[in-house]
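User: Please take a close look at one buried, charged position in this model and describe its surroundings. Begin with the chain as a whole, and then work inward to the part in question.

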Amino acid sequence: MTTVGIGVHEIRVRDDAGAFRLIYVAKFPEAIYVLHAFQKKTRATAGKDLALAKDRYQAVLTKRNS
């Protein structure tokens with residue numbers, strides 16, 4: 001998901017309860033960081049969900065570099 005950041009991936013799950021997404025980054029040796037998990041209500045991913053994942057990704061990068 002380059003819209004969130006380099007190395008960020010998405011897991012998509014659909015079942016009887018609906019569609020779910022998990023946005024994560026697994027390129028760092030110390031951990032897999034789950035940036036955001038949510039249930040989708042529409043076909044498009046809401047901008048607020050992408051913005052939240054992007055902000056959390058930037059926080060991970062900032063913390064790792066300090």
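Analyst: The chain exposes about 4700 Å², of which carbon and sulfur atoms supply 55%. This is a predicted model, and the values that follow are computed from it. Of the 66 residues of the chain, 27% count as buried, while the C-alpha trace spans about 40 × 20 × 15 Å along its principal axes. The secondary structure comes to 1 helix and 3 strands, and from the N terminus on these elements run β-β-β-α. Among the contacts in the chain with a separation of 6 or more, 26% are accounted for by residues 24 or more positions apart. As for charge, there are 12 positive and 6 negative side chains, and the centres of the two sets lie 5 Å apart.

The position to look at closely is Lys 40, which is found in strand β3, a strand made up of residues 31-40. Lys 40 is buried and yet has no salt bridge, the nearest side chain of opposite charge being that of Glu 10, 6.0 Å away. A salt bridge would need a side-chain nitrogen of Lys or Arg within 4 Å of a carboxyl oxygen of Asp or Glu, so the 6.0 Å that separates Lys 40 from Glu 10 does not qualify. What the side chain of Lys 40 does have is a polar atom lying 2.8 Å from the backbone oxygen of Arg 43. Not counting residues up to four places away in sequence, Lys 40 touches Ala 19, Phe 20, Arg 21 and Thr 45.

One of these partners, Arg 21, deserves its own description. Arg 21 lies in strand β2, which covers residues 18-28, and with a relative accessible area of 12% it is buried. The side chain of Arg 21 makes a polar contact with the side chain of Glu 10, at 3.5 Å; Glu 10 is also the nearest side chain of opposite charge to Lys 40. Leaving aside neighbours within four places in sequence, Arg 21 is in contact with Glu 10, Ile 11, Arg 12 and Val 13, and also with His 36, Ala 37, Phe 38 and Lys 40.

For contrast, one may turn to Ser 66, whose place is in the segment after α1, the helix of residues 47-65. Ser 66 counts as exposed because its relative accessibility is 79%, and a polar atom of its side chain lies 2.9 Å from the backbone oxygen of Lys 63.

Definitions and conventions: Residues numbered from 1 in each chain as written. Predicted model: local features only at pLDDT ≥ 70, side-chain atom pairs only at ≥ 80, totals over all residues. Heavy atoms only, no water. Helix = DSSP H or I, 4+ residues; strand = E, 2+ residues; numbered from the N terminus. Buried < 20%, exposed > 50% of the residue type's maximum accessible area, 1.4 Å probe, protein only. Lys, Arg positive; Asp, Glu negative; His and termini not counted. Polar contact = N/O pair within 3.5 Å; in protein donor to acceptor, adjacent residues only side chain to side chain. Contact = heavy atoms within 4.5 Å. Areas by Shrake-Rupley, 256 points an atom, 1.4 Å probe, with all protein chains shown as cover. Charge placed at Lys NZ, Arg CZ, Asp CG, Glu CD.
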